[in-house]
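Subject: Structure handover

Hello,

Here is the structure I promised you. Please open it alongside this email; my notes follow below.

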Amino acid sequence: MAAAVPAARWARAAAALLLGCCGAALASGVQDQAEQFFKSGHTNNWAVLVCTSRFWFNYRHVANTLSVYRSVKRLGIPDSHIVLMLADDMACNPRNPKPATVFSHKNMELNVYGDDVEVDYRSYEVTVENFLRVLTGRIPPSTPRSKRLLSDDRSNILIYMTGHGGNGFLKFQDSEEITNVELADAFEQMWQKRRYNELLFIIDTCQGASMYERFYSPNIMALASSQVGEDSLSHQPDLGIGVHLMDRYTFYVLEFLEEIHPASQTNMNDLFQVCPKSLCVSTPGHRTDLFQRDPQNVLITDFFGSVRKVEITAETISLDPNLSAFESKPPKDELAAEPLKYAEQLPVAQIIHQCGDIAVLDSVFLWNSMEETSAHDMKK
Amino acid sequence: MAAAAAAAAADEAEKARGRRAALSFAAIAVVLGLPLWWKTTETYRAALPYADIAALGELSFQLAVPVAVVFAPGSQPRDLPRLLPFRDTEEKETLLNSRTSIASRYEMVCRSTTAQEEAALGAATVQEADAALHQLQDASLGSLSLYVIPETSLLLPQGIGVYVGKHRSALVRAGQGLAALRARLQQVMQIMSFTTSSITAALSDRMPASQLGPDARRHFKSSLGYEITFSLLNPDPKSHAVHWDIEGAVSRYVQPFLDKLSFLANFSVDSQILYYAVLGVTPRFDKESSSFLLSAHSLPHVINPVEARLGSSAASLYPVLNFLLYVPERSHSPLYIQDKDGALVGTNAFHSPRWGGIMVYNVEGPAAPQASLPLRVDVDMVRVMEVFLAQLRLLFGVSREVQPPEVLLESPGNEGLADWELDRLLWARTVENVATVSTTLTSLAQLLDKIGNIVIKDDVASEVYRAVAAVQSAMAELAVGHLHSAFQASKEAVTSSERAFFDPSLLHLLYFPDDQKFAIYIPLFLPMAVPILLSLAKIFREAKQRKKEPTKTD
């Protein structure tokens, strides 16, 4: 009896200790998750989405890119941080039975073109030169801000490319190609100038894995839709439109992204599992050896969304409102000009007034002429 | 016989001429043709100072701070090493990594006070003393003046050993002995100029990321200009007609701060009012306080829906700082922000690193329930600007690091920035600029070396030369302690090096693998080279045969 009671007491004490530990672990776990925000080290997100094909039968590449664009916008990256390069000849193509639309699902369920797509490089501006200029930043000074990649050393960049490719090259608009060596060099130049913190490179073309073989700069993670020697296949044709609407890999990636919302904690390992060989026919590949963090710890929203780090402002500066604003600079001399007013470009009021006079005259004339004719008639 | 011999001789002469002709063809092709082809297919590459650029790869900073240590009467410790006035130097060297080191040197000039300074130190309050002393100094950028006052002086409040003023001077109690005074002086000098950690943060490009704290990621990198946008968000114009005197507030509170920083960069300020702009998060209603709460973990999702409407894409190419003032809707008032522990945040504001800040401004309900909507709201700009200025300071990297005990830092007041804080900023920025230039130029040199077919124009070369000269002058000025000219030179160096690196002409487009090069040149050179080589081979064989023949016939 005496032995049982201390045992019970011990058991209770042990249980209490365990519970306390669990509680502490849980609290620190929540704390850790909140602190994890700072682990990725980025403060802003950019996306460069490139569709390298033109012509009607490459409809699916445009639909791929626009669908990724929509997902990325939905998860929070604003247009000012997205560089979209499209040939943009699908929506208004004479062969498009539904003008001003680009569908990404058969039975025309989802129109990814809409009315707020902001294409930065369209039609013949999608060239290898412009793409490399965007990446390296060697842009002529006259380029507008929306066409520039203004990333800094704390930017996570998502680069998505789709089109027709081969072993070691990617075809641009059926007239030129970019090789994997050039791409790797461009990324190295970005790294030298610290234009990115981490980079995610996704490519959906035939033999896509050859494009990331030559990368040698740190902090790059790459995904491709097929290995060297394999072709990436398209998903489904739409009989109404007459072309294939999407590629398999991007289709399943998009299905995966539909589950993601800005606060989700899904990590990159799940993205690697998307589209196994049974669904995709080709074998998707990925490369993470250049990446410093473990893909387990990399959130999808680190690249596809734009979750900002915030800190609470704890301190203020005390200002004295009664202090007269000291004129450290003399006030700018305002030239006392007489107020200018715009001249009427189209003096509508005057025109109407004049027209009114003419109309009045006209009707009077008509009346007179009618009177005359009727008088004549009667005279006859 | 003679005819046969003459024919043979003529044959021989003919063959000799043929041999000479073939040799001369080959000679012209090799001596003239090859160099001509090489020169005409060369890309134009202006000369660059590769040796100087390589030397820049190793950065050893020498930072010198001129300090004047002034002893008030009765404050001299008994065990001073020498009689006043004298000079002393304190040096410290830190090796950050294999390619970067910092050597800091404080050049102290110790002397006793003049009569005017004594009178100034006799002022009633420490702020007046500080102001009076400021009139007497001619403190240039980067220099410090430390006034040592007797341990028992009543000028400083009880328990405070060091007072740092708004300008570049500080008042230090003499302490219990020379060692304590030395320690205090060192502490003050580090607060007012730079510490190893602040310089390390400025060199973030060269340091591994694990050594940096969140401070290094918060503030904007050194840039040639900034654009500051103040936005008023009114999601409910039916209930609130909000008026804010932003022009007045900016000219009274923000402009003095920016004027002080005008040496650092160009600033442009604009403001806008956005209607029907809602936050991305629905606040929770808290019954106990009958107010709405935004918890800390929902704050990151607040910014994105608003950002698209801020119009920062139409702004200039400089980094943009956004400051948003949000007046909550009637149905969501009052709205408070909770921090991680659940306590209400006093300032009701939060900021995002490298982006800007948001403050929530609560409006009291209408006095009488049947007051006509919309309510006129006049925003109290002082309260708002206090928070925005604090956030602006944080985003620029001017933060009051953890204050050690018994140190009193004077608040900068309406100017927004104390002179010594500006100095701190300039030290860090100069070091950062020099490090950036070093990285840019070394990577440019590497790139141009590696890729042989990039054209290097003359103006690119001249920018590189200018950048190298400016950075060398910046390092020299830093070593002497002229912070003003050092920063100026570093800014020039950054401008030139960025212009050189990002010049649009430095784009190598075509990657020719070797087999493509062969495919281009072989159809051109092979038809020409084959006859020459064959005839050279024939000449060689004949010469060998002739050498053998005399031995044979013998």
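A:Gln173 is buried in this predicted model. Its relative accessible area is 8%, and that counts as buried because the cut-off is under 20%. A:Gln173 sits in a loop of chain A, between β6 (169-172) and β7 (176-179). What does A:Gln173 contact, leaving aside its neighbours within four places in sequence? The list is A:Thr52, A:Arg54, A:Ala87, A:Ser123, A:Tyr124 and A:Val126.

Next, a helix in chain A. Helix α5 of chain A covers residues 248-258. Of its 11 residues, 8 are buried, so the rest of the structure largely encloses this helix. Aromatic names first: A:Tyr249, A:Phe251, A:Tyr252 and A:Phe256 are among the buried residues of α5(A). A:Thr250, A:Val253, A:Leu254 and A:Leu257 are buried there too.

Now the interface. Chain B and chain A bury about 5600 Å² between them. Carbon and sulfur atoms give 58% of that area. Chain B puts 68 residues into the contact, and chain A puts in 58 residues.

How many salt bridges cross the interface of chain B and chain A? The rule finds 6. One salt bridge joins the side chains of B:Glu498 and A:Lys193, at 2.8 Å from N to O. Polar contacts cross the interface as well: 16 residue pairs, with both residues at pLDDT 80 or more.

Which elements of chain B supply at least two residues each to the side that touches chain A? Here they are:

- Helices α7 (214-218), α8 (246-260) and α9 (303-307)
- Strand β14 (349-352)
- Helices α10 (381-395), α11 (419-450) and α13 (483-501)

The largest share comes from α10(B), with 8 residues. By type, the side of chain B that touches chain A divides into 32 nonpolar, 20 polar and 16 charged residues.

One last residue, in chain B. B:Asp130 lies in helix α4 (residues 126-136) of that chain. B:Asp130 is buried, yet it has no salt bridge. Why does B:Lys166 not count as its partner? B:Lys166 is the nearest side chain of opposite charge, but it is 7.0 Å away from B:Asp130. A salt bridge needs the nitrogen within 4 Å of the carboxyl oxygen, so this pair does not qualify. The two residues do touch. Not counting residues up to four places away in sequence, B:Asp130 also touches B:Tyr163, B:Gly165, B:His167 and B:Ser169.

Best wishes

How values were computed:
Residues numbered from 1 in each chain as written. Chains lettered and ligands numbered in written order. Predicted model: local features only at pLDDT ≥ 70, side-chain atom pairs only at ≥ 80, totals over all residues. Heavy atoms only, no water. Helix = DSSP H or I, 4+ residues; strand = E, 2+ residues; numbered from the N terminus. Buried < 20%, exposed > 50% of the residue type's maximum accessible area, 1.4 Å probe, protein only. Lys, Arg positive; Asp, Glu negative; His and termini not counted. Contact = heavy atoms within 4.5 Å. Buried area = accessible area lost by both parts, 1.4 Å probe. Polar contact = N/O pair within 3.5 Å; in protein donor to acceptor, adjacent residues only side chain to side chain. Nonpolar A, V, L, I, M, F, W, Y, C, P; charged D, E, K, R; others polar.
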